[in-house]
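Work through the exercises below with the sequence and the coordinates open side by side. Each task is followed by a solution that proceeds in steps.

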Amino acid sequence: AKPQLSEAEQAALDRRIMAAAIRLSRRNAGRTSTNPSVGTIIVRDDGAGPMIVGTGVTAVGGRPHAETEALAEAGELARGATAYVTLEPCAHHGRTPPCANALVNAGIARVVGAASDPDPRVSGEGYAILRAAGIEVVEKVLATEATEQMAGYLIRSLKKRPEVTLKLALSSDGKIGRKGAGQVAITGEIARREVYLMRAEADAILVGIGTALEDDPALTVRLPGLENRSPARIILDRQIRLPETSKLVSGVDRVPLYVAACPEADAHRRAALERAGVHFIGTETYESEIALPELLEDLAALGMASVLVEGGAKVARAFLDEELIDRIVLFQGPEAIGEDGIASPIDADHIPSGFRKLREMRFGEDSYAEWVRP
Ligand code: AOF
Ligand code: ZN
């Protein structure tokens with residue numbers, strides 16, 4: 001017989017296992033697009049305490065879904081067990097029958113869910129299928145945490161644009177670089193690795209042509225084991241000034257490069273870059289600037305659910321002014337740049353209203369803080 005937990009004990013246990021499911025779901029973050037990376041943990045209790053009998057994460061590429069993987073691992077042990085799912089189980093027929101039906105057929109007795117699925121094929125229907133089959137359903141356990149984990153998917157579904165993260169590295173005196181100096185080391189090695197991880201979990205990195213010309217960056221992930229996880233690179237370059245000799249262009253064979261240019265831009269330059277393998281996008285403009293909301297719509301249509309805006313100051317300000325930023329990440333190093341530094345458009349004491357601080361921590365000598373908007 002099952003031990004009787006008090007309601008509070010059961011709720012605490014549910015939160016603990018859901019937290020583990022959310023951590024598990026991070027494993028394939030950035031590799032399941034346009035699907036979210038979902039986590040599932042199947043737990044049963046035969047009297048000796050809760051025992052995990054199956055775990056699953058949405059597979060790379062988006063299929064199979066997390067539930068399918070976890071149920072396969074649990075086998076017959078799923079009968080009478082509880083399934084923890086970070087997203088409402090799907091209710092539509094894809095390459096396999098709906099996950100909600102799979103949970104029913106496997107004899108799952110109880111489902112604990114975190115985020116609801118805005119996908120019109122699923123929304124509410126996944127939970128309804130479970131309830132109709134007599135399964136006890138608890139919704140919205142750690143819903144906020146799960147929502148943050150799959151923000152890209154949720155924002156793309158609801159707003160038809162990717163989640164936009166603004167990431168800046170500031171010196172101790174609030175500068176993001178030195179005029180005419182190319183790339184300036186502001187943060188240390190540990191923070192740099194964290195940036196590579198952020199890149200690996202994003203679908204695209206975006207910078208302005210100023211940064212591209214000044215720094216000649218590669219904008220790739222250079223972390224042992226994650227060398228193949230570089231997301232697409234996007235350059236805002238309305239006049240097409242990007243040189244064919246840049247590191248960005250020379251890397252197009254391995255990592256896609258998109259240039260957002262004005263329709264009036266030099267057709268010869270465009271043809272030359274296209275020959276080199278560069279893609280062009282987002283030709284809508286207003287007052288001869290790239291129209292950012294339309295550009296983001298185009299990126300979402302290409303399947304991108306998360307974009308990391310890495311600079312420079314002008315691009316950051318444009319996204320902030322148009323209220324297109326969902327998440328702000330600031331690194332701050334210990335050293336000052338001084339008078340000839342380029343001022344950051346934003347610092348920890350001047351975060352726009354509507355954002356709340358999610359976490360802060362240290363990476364070696366550098367501080368890190370992150371804000372999100374609901
Ligand atoms: C789940 N478990 O692990 C994920 C789900 O293109 P398809 O058929 O794979 O369906 C994509 C939709 O599936 C996506 O919009 C979302 O509603 C859901 N994602 N559902 O049950 C999972 N990744
Ligand atoms: Zn599914």
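A residue counts as buried if 20 or more other C-beta atoms lie within 10 Å of its own, and as exposed if 12 or fewer do. The model is predicted, and the exercises should be read with that in mind.

**Exercise 1.** Describe helix α1 and determine how its buried and exposed residues are arranged around it.

Solution. Begin with the extent of the helix: α1 covers residues 7-25, 19 residues in all, and reaches 27 Å from its first C-alpha to its last, close to the 27 Å expected at 1.5 Å a residue. Next, collect the buried residues of α1, which are Ile17, Met18, Ala21, Ile22, Leu24 and Ser25. Viewed down the axis of α1, these buried residues fall within an arc of 150°, so they line one face of the helix. The general background is that an α-helix has 3.6 residues a turn, so residues three or four places apart point the same way. Turning to the face of α1 directed away from the buried side, one finds the exposed residues Ala8, Glu9 and Ala12. Finally, ask what covers the buried residues: the cover includes the strands β1 (39-45), β2 (50-57), β3 (82-87) and β4 (110-115), together with helix α5 (143-149).

**Exercise 2.** Establish the strand order of the five-stranded sheet and identify its edges.

Solution. The sheet is open, its pairing is mixed, and its strands follow the order β2-β1-β3-β4-β5. The edge strands, each pairing on one side only, are β2 and β5 (136-138). From one strand to the next the twist averages 20°. At the β5 edge, β4 and β5 run parallel and are joined by three bridges, and within this pairing Arg110 has Glu136 of β5 as its bridge partner. Helix α2 (residues 66-74) packs on the sheet, where it touches β1, β2 and β3, and its direction makes about 135° with that of β2.

**Exercise 3.** Is Thr86 buried or exposed, and with which residues is it in contact beyond its neighbours in sequence?

Solution. First locate the residue: Thr86 belongs to strand β3. Then apply the count: Thr86 is buried, because 31 other C-beta atoms lie within 10 Å. Leaving aside neighbours within four places in sequence, the contacts of Thr86 include Ala21, Ile22 and Ser25, three residues that are themselves buried in α1. Also among the contacts of Thr86 are Val38, Gly39, Ala114, Ala115, Ala146 and Gln149.

**Exercise 4.** Which residues of helix α4 (residues 125-132) are buried, and against what do they pack?

Solution. The buried residues of α4 are Gly126, Tyr127, Ile129 and Leu130. They cover an arc of only 155° around the axis, which puts them on the same side of α4. Their packing partners are α3 (99-105), β4 and β5, while Arg131 and Ala132 are exposed on the face turned away from the buried side. After α4 comes Gly134, whose phi is positive, near 85°.

**Exercise 5.** Examine the two faces of strand β10 (residues 257-260) and the strands that pair with it.

Solution. Both faces of β10 are covered, with Leu257 and Val259 buried on one side and Tyr258 and Ala260 buried on the other. Strand β9 (residues 232-236) runs parallel to β10 and is joined to it by four bridges, with Ile235 opposite Val259. Strand β11 (residues 279-281) also pairs with β10 in the parallel sense, over three bridges, and here Val259 stands opposite Phe280.

Note on methods. Residues numbered from 1 in each chain as written. Chains lettered and ligands numbered in written order. Predicted model: local features only at pLDDT ≥ 70, side-chain atom pairs only at ≥ 80, totals over all residues. Expected span 1.5 Å × (residues − 1). Arc of directions from axis to C-beta. Contact = placed C-beta atoms within 7 Å. Pairing = 2+ DSSP bridges. Axes fitted to C-alpha atoms, helices over the stretch in contact; angles between N-to-C directions.
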